[in-house]
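Thanks for coming. I will take a few minutes to walk through one structure, and I will put it on the screen now.

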Amino acid sequence: MTDYVSLSRLSVSGSSTISIVDAVKGFSVLVEELMKTMKIQTRDAQGKPVVDPTAWYPLENYMPVYKKIETLLGGRGLEKVGSTIPQFAEFPSNIRDIHSALAGIDVAYHMNHRLDGKPMFNPATGEMTEGIGHVSYQPVAGKNEALVVCSDLYPCRFNVGLIRGMAQRFEPKATLTHGPHQDCRLKGAATCAYLINW
């Protein structure tokens, strides 16, 4: 069982936050609602709220946004947000193929979160701070297949979009199935598992 720290102690990078806005930019009313929920203070030249990619935002203001997206746009909306994360969030520099892409999700997840104002991953030492769960990667020997197991803070359908998006950057025909035993956090399981084939 994963021990999670309180959301009040966590913050998320502005570069990750931008992915939400980009994913729902066609729904201006939803963008405004999300900006209010996240309590965004930064304004553009027209006075509209805008996410600062260099800022850090309280996770307790950020997480309710996923519920709003799911309520208004459904699971596909969450998948779209997840699929845009690789375009904006910080990722490790060693990503060169599908294996390093899937293995790098957990590092990227920790790179884009802070605990009590401190980064949760130190690239110089490789040290990772616990408290937000993990996105673990296991290649399947002798096959173009991998298992990714999520115990992170984000919704299942968001992870579907993120993992599929990362896989398809390097293997455009990669597919993702929720499995292998259909355990899902939506059904009360501790983790969600996804099988990726290419």
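Start at S136, which stands opposite V149 in β8. Before going on, please note that this is a predicted model.

The S136 pairing belongs to strand β7, residues 135–139, which is joined to β8 by 5 bridges. The two strands run antiparallel. Between the strands of this hairpin there are 5 residues, and in the hairpin G142 takes a positive phi near 75°.

Strand β8 covers residues 145–150, and 5 of its 6 residues are buried, so the strand is largely enclosed by the rest of the structure. Which other strand pairs with β8? That is β10, residues 192–197, again in the antiparallel sense, over 6 bridges. One position to find on the screen is V148, whose bridge partner in β10 is Y194.

Now the helices, beginning with α2, residues 28–37. Which residues of α2 are buried? They are L30, V31, L34, M35 and T37. Seen down the helix axis, these buried residues fall within an arc of 160°, so they line one face of α2. As a general point, an α-helix has 3.6 residues a turn, so residues three or four places apart point the same way. On the face of α2 turned away from the buried side are the exposed residues V29 and K36. The buried residues pack against α1, residues 14–23, and α3, residues 59–88. Just after α2 comes K39, with a positive phi of about 55°.

Helix α1 is next. Of its 10 residues, 8 are buried, so α1 is largely enclosed by the rest of the structure. The buried ones are G14, S15, S16, T17, S19, I20, V21 and A23. What covers them? The cover includes strands β1, residues 10–13, and β2, residues 56–58, along with helices α2 and α3.

Last, the interior space. The count comes to 1 cavity of 30 Å³ or more. The largest cavity has a volume of about 160 Å³. It is lined by 18 residues, and the closest to its centre are I85, Y109, H113, F158 and L162. Helices α3, α4 (98–111) and α5 (156–170) each supply at least two residues of the lining. By type, the lining divides into 13 nonpolar residues, 4 polar and 1 charged.

That is the tour. I will leave the structure on the screen for anyone who wants another look.

Technical notes. Residues are numbered from 1 along each chain as its sequence is written. This is a predicted model: local features need pLDDT of at least 70, side-chain atom pairs count only at pLDDT 80 or more; totals for chains, interfaces and linings use all residues. Side-chain values use heavy atoms; hydrogens and water are left out. Buried means under 20% relative accessible area, exposed over 50%, partly exposed in between (1.4 Å probe, protein chains only). Helices (H or I, at least four residues) and strands (E, at least two) are DSSP runs, numbered from the N terminus. The arc is that of the directions from the helix axis to the C-beta atoms. Contact means heavy atoms within 4.5 Å. Two strands pair if DSSP finds at least two bridges between them. On a 1 Å grid over the protein atoms alone, a cavity is a set of points where a 1.4 Å probe fits but cannot get out, and a pocket is an open set with protein on both sides within 12 Å along at least five of seven lines; lining residues have an atom within 4 Å of a point. Grid points are joined across faces, edges and corners, and a volume is the space filled by probe spheres set on the points. Ala, Val, Leu, Ile, Met, Phe, Trp, Tyr, Cys and Pro count as nonpolar, Asp, Glu, Lys and Arg as charged, and the others, Gly among them, as polar.
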